[in-house]
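Please look through the sequence and the model below before reading on. The paragraphs that follow start with one small detail and then widen the view step by step.

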Amino acid sequence: MGKYFGTDGIRGVYQISLTEELAYQLGASIAQCLAPKTLVIGMDTRASSNALAYAVIQGYKTFSDHIIFAGVCSTPMIAHYAKEKEITGVMITASHNPFQYNGIKVFNKGFKLSRDEEL
């Protein structure tokens, strides 16, 4: 996975470099590699955010069903909640990028993933 992460998560043009399949695989990888007791996931209002969030959830659910879907919320909210509860958080957002882009940020216990965790 390391090759997919940039300076702030995974970013790409939806359905070209950032697909539901990649999001699904990321969800499964989070469950296997980080093994959090619970996953909290939020998203922004981009048209593609719901599909990507659902794909991450489905991948994660292949190993665990302890999921909190926060819906539309802010990135700091997901990071803070993950830190407070010592769980993994995922935020679907591309921040300031154009509408065709989206991204996936992962927080392990509230912090960005280390390089080893990304790998």
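How many residues lie between β5 and β6 in the hairpin that they form? This model is predicted, and in it the two strands of the hairpin are joined by a turn with two residues between them. One residue in that turn, Lys 109, has a positive phi of about 55°.

From the turn, the eye can follow the two strands as they lie side by side. Strand β6, which covers residues 111-112, is joined to β5 by two bridges, and the two strands run antiparallel. To find a point where they face each other, look for Phe 107, which stands opposite Lys 112 in β6.

Strand β5 has other partners as well, and they come from other parts of the chain. Strand β4, made of residues 88-92, pairs with β5 in the antiparallel sense over five bridges, and within this pairing Ile 92 stands opposite Ile 104 in β5. Strand β1, made of residues 10-13, also pairs with β5 in the antiparallel sense, here over four bridges, and Val 13 is the residue that stands opposite Tyr 101 in β5.

Is β5 itself enclosed or open? Seven of the eight residues of this strand, which spans residues 101-108, are buried, which means here that each has under 20% relative accessible area, and so β5 is largely enclosed by the rest of the structure.

With this strand as a landmark, the whole chain can be read in order. Its secondary structure comes to four helices and six strands, and from the N terminus on these elements run β-α-β-α-β-α-β-β-β-α. The radius of gyration of the chain is 12 Å, close to the 14 Å that the globule rule gives for 119 residues, so the chain is as compact as a globular protein of that length. Along the principal axes, the C-alpha atoms fill a box of roughly 35 × 25 × 25 Å.

The contacts and the surface complete the picture. Of the contacts between residues at least 6 apart in sequence, 68% join residues that are at least 24 apart. Buried residues make up 47% of the 119 residues in the chain, while the area that the chain exposes is about 6,200 Å², with carbon and sulfur atoms supplying 54% of it. Finally, the chain carries 11 positive and 10 negative charges, and the mean positions of these two groups are 3 Å apart.

Conventions:
Residues numbered from 1 in each chain as written. Predicted model: local features only at pLDDT ≥ 70, side-chain atom pairs only at ≥ 80, totals over all residues. Heavy atoms only, no water. Rg over C-alpha atoms; globule rule 2.2 N^0.38 Å. Buried < 20%, exposed > 50% of the residue type's maximum accessible area, 1.4 Å probe, protein only. Contact = heavy atoms within 4.5 Å. Areas by Shrake-Rupley, 256 points an atom, 1.4 Å probe, with all protein chains shown as cover. Lys, Arg positive; Asp, Glu negative; His and termini not counted. Charge placed at Lys NZ, Arg CZ, Asp CG, Glu CD. Pairing = 2+ DSSP bridges.
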